[in-house]
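Trainee: I would like to learn how to read this model, one feature at a time. Please give me the general idea before each case.

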Amino acid sequence: MARVGASPLRAALGRSRARVRRWLEPVRYLPFALGHARRPRSITIDPLSRCNLRCPLCPTGRGHNTSAGKGILTLSLYCKILDQLPKLRTLSLFNWGEPLLHPQIEEIIGIAHRRGIAVHAHSNLSLKKDDAFFERLIDSGLTSLWVSIDGASEETYARYRVGGDFALAIRNLERLVKARRRLGSKTPRIVWKFIVHRHNEHEVDKARRMARELGVEFTTAAIGLADDLVDYSIGEPLEERRREWLPDAPAARAPGYRSDDGATRTPIYEGRCTQLFESPVISPAGDVMPCCYATHPGNSFGSLERSSFDEIWNNAAYRYSRSLFVRPLSERAHSDMRKNVCTGCPNFRQRRRVG
């Protein structure tokens, strides 16, 4: 049986840390309850809303448009966002698209790096790029690159990464490592991320050996069934997705998944929705989304093309959504709004029952 997931000791330590964070949440979120929303130190900006693959459990892979406008981040909007967040420390450049397809991705990374911001990206790396591109990527100051390769053979890889080229992704991974060594750089940290599903769980150990030979880190992750998306339905019944994709090994599965009748473990994720308080998600068009589980541009809380970040971060939509998790303790934290995309969200345990 392939070894997947974390060791029992590491998993136990992870659960303990998570419990401590949950216990401390009332203290961390007290300023929000008092109506003093602190600017985030971490954000996600999606540089591009399109992808070269057609992964069956991804809205983008299914042709869903996750961004208004042309779906590509402009440098002027990007700099405008960063200018408003002078204390930003961590930037994730990925969400629903393939970031390395952005024609100015190296410049985007470099702008943040020069401001002292740690930049992280995910990529399928099944891209036709030359050595010069990888050298520019390394020189840009990228902190880490997580490479999604879910298999150790073309046949297995292609079951989920539809339209991808396994040999090309592996070759690019090797070229990236060589370029980093050639340039004498310690960054980016390179991680092979292997999402475990029914059709590839037998290749986890082989992929781990390949990663070791390439000189990159290796980690596994449980496959999501798109049952936590709050405004988009994949199409196939959830039970069908469970049969098709869930691995046999219990350790390789997520702690819980929703069922077709709407039943869930309570909640799907533990703790509060931290993205409402600490890490907003911004689309390529500058729409501030409530979380990474919302995909439709119409559910944004505001546009950074038309409003400042502080105006959006403190608006009625945000105040209402936070009140679902933290009781307002001042008039500044109160909102007259009564419903939005966060209302009754089953992903997190809410403070009060709403209907």
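Mentor: A cavity is a set of points, on a 1 Å grid over the protein atoms alone, where a 1.4 Å probe fits but cannot get out; its lining residues have an atom within 4 Å of a point. Residues are numbered from 1 along each chain as its sequence is written, and side-chain values use heavy atoms, with hydrogens and water left out. The model is predicted, so local features need pLDDT of at least 70 and side-chain atom pairs count only at pLDDT 80 or more, while totals for chains, interfaces and linings use all residues.

Trainee: Which residues line the second largest cavity?

Mentor: The lining consists of D46, T66, N95, W96, V281, I282, S283, P284, M289, A294 and T295. The space in this second largest cavity is about 60 Å³ (the volume filled by probe spheres set on the points, with points joined across faces, edges and corners). By class, its lining has six nonpolar, four polar and one charged residue. Nonpolar here covers Ala, Val, Leu, Ile, Met, Phe, Trp, Tyr, Cys and Pro; charged covers Asp, Glu, Lys and Arg; the others, Gly among them, are polar.

Trainee: How many cavities of 30 Å³ or more are there, and what lines the largest cavity?

Mentor: The rule gives two cavities of 30 Å³ or more. The largest holds about 80 Å³ of space. Its lining has 13 residues, and V230, C273, C291, C342 and C345 lie nearest the centre. Twelve of the lining residues of the largest cavity are nonpolar, one is polar and none is charged.

Trainee: Next, the fold. How many helices and strands does the protein have?

Mentor: There are eleven helices and eight strands (DSSP runs numbered from the N terminus: H or I over at least four residues for a helix, E over at least two for a strand). Strands of a sheet pair through backbone hydrogen bonds, either parallel or antiparallel. In this model, eight strands form an open sheet with mixed pairing, in the order β6-β5-β4-β3-β2-β1-β7-β8 (a pair needs at least two DSSP bridges). The edges are β6 (217–222) and β8 (288–289); each has a single partner strand, so one side of each has no neighbour in the sheet.

Trainee: Which strands does β1 pair with?

Mentor: β1 (residues 42–45) runs parallel to β2 (residues 90–92), with three bridges between them. T44 has S92 in β2 as its bridge partner. β1 also pairs in the parallel sense with β7 (residues 281–282), over two bridges, and I45 stands opposite I282 in β7. That I282 is also among the lining residues of the second largest cavity.

Trainee: What kind of unit do β1, α3 and β2 make?

Mentor: β1, helix α3 (residues 75–83) and β2 form a right-handed β-α-β unit. Right-handed means that, with the strands pointing away from the viewer, the path from the first strand over the helix to the second runs clockwise. β5, helix α8 (residues 204–214) and β6 make a right-handed β-α-β unit too.

Trainee: Is S92 buried or exposed?

Mentor: S92 has a relative accessible area of 15%, so it is buried (under 20%; over 50% is exposed, and in between is partly exposed, with a 1.4 Å probe and protein chains only). Outside its neighbours within four places in sequence, S92 contacts I43, T44, I45 and H120 (contact: heavy atoms within 4.5 Å). H120 in turn has S144 in β4 as its bridge partner, and S144 has R189 in β5 as a bridge partner.

Trainee: How do the strands from β3 to β6 run?

Mentor: β3 (residues 118–123) and β4 (residues 144–148) are parallel and joined by four bridges. β4 and β5 are parallel with five bridges, and β5 and β6 pair in the parallel sense over six. In β6, A221 stands opposite I195. Seven of the eight residues of β5 are buried.

Trainee: Which backbone angles deserve a look?

Mentor: T187 and P188 are joined by a cis peptide bond, with omega about 0°; P188 sits in the loop between α7 (166–182) and β5 (189–196). L125 is not a glycine, yet its phi is positive, about 60°. L125 lies in the loop between β3 and α5 (131–139) and is buried at 1% relative accessibility. A226, also not a glycine, has a positive phi of about 60°. The loop between β6 and α9 (238–245) holds A226, which is buried at 11%.

Notes: 1 Å grid on protein atoms, 1.4 Å probe; cavity = no way out; pocket = protein on both sides within 12 Å on 5 of 7 lines; lining within 4 Å.
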